[in-house]
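Trainee: I've got this one open on my screen and I'd like a close look at a single part of it. Could you take one helix and walk me through what surrounds it?

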Amino acid sequence: MGKIRKTYDVKFKKKAVDLYLKEGIGYVTVAKELGIHHSMVQRWVKHYEQEGMKGLEEKRGKAKGPGKGRPRTRPEDPETKIKRLEAEVEMLKKLLKM
């Protein structure tokens with residue numbers, strides 16, 4: 001299994017971004033003050049500059065547009081299901097005769 005990743009709320013991310021942009025504090029200093037890695041502050045600042053507050057929202061686990069993510073399964077129509085099951089029965093009969 002992978003590592004469990006901590007999720008930070010938008011308020012916390014905005015605080016880090018404000019410290020960097022408004023207060024002029026460096027990435028490393030902001031990161032030490034907040035107890036996080038400096039690359040996270042860099043990433044949040046970059047996202048904030050590109051997308052504003054929306055850039056600070058959690059993106060993991062969300063599909064990024066239509067047709068993205070895992071496809072939804074459609075229920076099988078009855079005729080197709082019957083044909084599939086009949087084929088399975090025939091295959092199993094042949095295996096049992098061996």
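Mentor: Let's take the second helix, then follow its surroundings outwards to the rest of the chain.

Keep in mind that this is a predicted model. To get your bearings, the chain has 4 helices and 0 strands, and along the sequence they run in the pattern α-α-α-α. Of the chain's 98 residues, 16% count as buried. The part we want is helix α2, which covers residues 27-34.

Which residues of α2 are buried? They are V30, A31 and L34. Now imagine looking straight down the axis of α2: the buried residues fall within an arc of 100°, so they line one face of the helix. There's a handy bit of background here: an α-helix has 3.6 residues a turn, so residues three or four places apart point the same way. Over on the other side of α2, K32 and E33 are exposed. So what lies over the buried face? The cover includes α1 and α3. And just after α2 ends, G35 takes a positive phi of about 75°.

Next, look at the start of α2, where you'll find Y27. Its ring pairs with the ring of Y20: the centres are 4.2 Å apart and the planes sit at 10°, so this pair is stacked. The cut-off for calling a pair stacked is planes under 30 degrees apart. Neither tyrosine is fully tucked away: Y20 is partly exposed at 25% relative accessible area, and Y27 is partly exposed at 23%.

Now for the two helices that help cover α2. In α1, have a look at V17. V17 has a relative accessibility of 0%, so it counts as buried. Setting aside its neighbours within four places in sequence, V17 is in contact with K22, W44, V45, Y48 and L56. For a sense of distance, the C-alpha atoms of V17 and R43 are separated by 9.6 Å, although their positions lie 26 residues apart along the chain.

One of those contacts of V17, W44, deserves its own moment. A search of the whole structure turns up 4 aromatic pairs. Among them is the pair of Y8 and W44, which is edge-to-face, with 5.5 Å from centre to centre and 70° between the planes. Y8 lies in the segment before α1 (10-21), while W44 belongs to helix α3 (residues 38-51), so this pair ties together parts that are 36 residues apart in sequence. Both partners are hidden: Y8 counts as buried at 17% relative accessibility, and W44 counts as buried at 6%. Ring pairs also bring in F12, so that Y8, F12 and W44 are linked into a cluster.

Another contact of V17 is K22, and K22 is a different story. It is exposed, with a relative accessible area of 62%. Side chains of opposite charge can pair when their charged atoms come close. That's what you see with D18 and K22, whose side chains meet in a salt bridge of 3.9 Å, N to O. D18 counts as partly exposed at 21% relative accessibility. Add K14, and you have K14, D18 and K22 linked in a network of salt bridges.

How many salt bridges are there by this rule? The count is 5. Another one joins E76 and R84, with their closest N and O atoms 3.1 Å apart. E76 is partly exposed at 37% relative accessibility, and R84 is partly exposed at 36%. Then there's E90 with K93, a salt bridge of 3.8 Å, N to O. Those two residues are 3 apart in helix α4, about one helical turn.

Helix α4 spans residues 78-97 and includes L92. L92 is partly exposed, with a relative accessible area of 47%. It belongs to a nonpolar surface patch made by M91, L92, L95 and M98, with about 490 Å² of accessible area together.

To finish, step back to the whole chain. Its accessible surface comes to about 8700 Å², and 56% of that belongs to carbon and sulfur atoms. Among contacts with a separation of 6 or more, 51% are between residues 24 or more positions apart. The Y8 and W44 pair is a good one to find on your screen, with its partners 36 residues apart in sequence. Then go back to α2 and trace V30, A31 and L34 along its buried face.

Note on methods: Residues are numbered from 1 along each chain as its sequence is written. This is a predicted model: local features need pLDDT of at least 70, side-chain atom pairs count only at pLDDT 80 or more; totals for chains, interfaces and linings use all residues. Side-chain values use heavy atoms; hydrogens and water are left out. Rings of Phe, Tyr and Trp (its six-membered ring) pair if their centres lie within 6.5 Å; planes under 30 degrees apart count as stacked, over 60 as edge-to-face and the rest as tilted. Buried means under 20% relative accessible area, exposed over 50%, partly exposed in between (1.4 Å probe, protein chains only). Patches are made of residues with over 30% relative accessible area and no salt bridge: like charges are joined within 9 Å, nonpolar side chains (Val, Leu, Ile, Met, Phe, Trp, Tyr) within 5 Å. Accessible areas come from the Shrake-Rupley method with a 1.4 Å probe; for residues, only the protein chains shown count as cover. A salt bridge is a side-chain nitrogen of Lys or Arg within 4 Å of a carboxyl oxygen of Asp or Glu. Contact means heavy atoms within 4.5 Å. The arc is that of the directions from the helix axis to the C-beta atoms.
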